[in-house]
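The following account leads the reader through the helices and aromatic residues of one structure. Please keep the sequence and the model in view while reading.

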Amino acid sequence: ADNPALPLQRFEIVGDGGPLDLASFMRLSQLEPDAVSHLVDSGVLEPLGRTRAEWRFPQRAVVRGCMAARLMRELELDEASIGLVLDLLEERDSLRRELAML
């Protein structure tokens, strides 16, 4: 059954679809700098670039960032739990898309 408290939001990519710098990513995902660092360290977010100054986030990462922010805020989950929950939600959505095509 669906959890109405955690619906996945739909986002539309605008502009050229290029990667976002850290400031733009934080603004769009509503994450604080420390939260982004923790999520990167735990593998929940995977920016391009090795150092924080070089980080660039694909626009599709904004959805994952927004969901992570919501899970931290509403359910007070830690980074490891957030990664697991996001992976499960993404797998569920993928299976639903496959089922819809059958």
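In this predicted model, a convenient starting point is the end of helix H2, where Gly43, just after the helix, adopts a positive phi of about 85°. Helix H2 itself spans residues 33–41, and its buried residues are Ala35, Val36, Ser37, Leu39 and Val40. An α-helix has 3.6 residues a turn, so residues three or four places apart point the same way. The buried residues of H2 pack against three other helices, namely H1 (22–29), H3 (61–75) and H4 (79–101), and against strand E2 (56–57).

Two of these partners, helix H1 and strand E2, also contribute to the aromatic contacts of the model. The structure contains two aromatic pairs. In one of them, Phe25 and Phe57 are stacked, with 4.1 Å from centre to centre and 10° between the planes. Because Phe25 belongs to helix H1 and Phe57 to strand E2, this pair ties together parts that are 32 residues apart in sequence. How accessible is Phe25? Its relative accessible area is 0%, and Phe25 is therefore buried. Phe57 is likewise buried, with a relative accessible area of 0%.

Phe57 also takes part in an aromatic pair with Trp55. Here the arrangement is edge-to-face: the centres lie 6.1 Å apart and the planes are at 80°. Trp55 has a relative accessibility of 7% and, since buried means under 20% relative accessible area, Trp55 counts as buried. Phe25, Trp55 and Phe57 together make up one aromatic cluster.

The path then leads to helix H3, which comprises 15 residues. From its first C-alpha to its last, H3 reaches 20 Å, close to the 21 Å expected at 1.5 Å a residue. Which residues of H3 are buried? They are Ala61, Val62, Arg64, Gly65, Cys66, Met67, Ala68, Ala69, Arg70 and Leu71. The list thus includes two arginines, Arg64 and Arg70, alongside residues such as Val62, Met67 and Leu71. The buried residues of H3 pack against strands E1 (20–21) and E2 as well as helices H1, H2 and H4. The packing between H2 and H3 therefore appears from either side, since H3 is among the elements against which the buried residues of H2 pack, and H2 is among those packed by the buried residues of H3. Just after H3, Glu76 takes a positive phi of about 55°.

Terms used
Residues numbered from 1 in each chain as written. Predicted model: local features only at pLDDT ≥ 70, side-chain atom pairs only at ≥ 80, totals over all residues. Heavy atoms only, no water. Buried < 20%, exposed > 50% of the residue type's maximum accessible area, 1.4 Å probe, protein only. Helix = DSSP H or I, 4+ residues; strand = E, 2+ residues; numbered from the N terminus. Contact = heavy atoms within 4.5 Å. Phe/Tyr/Trp six-rings, centres within 6.5 Å; stacked < 30°, edge-to-face > 60°. Expected span 1.5 Å × (residues − 1).
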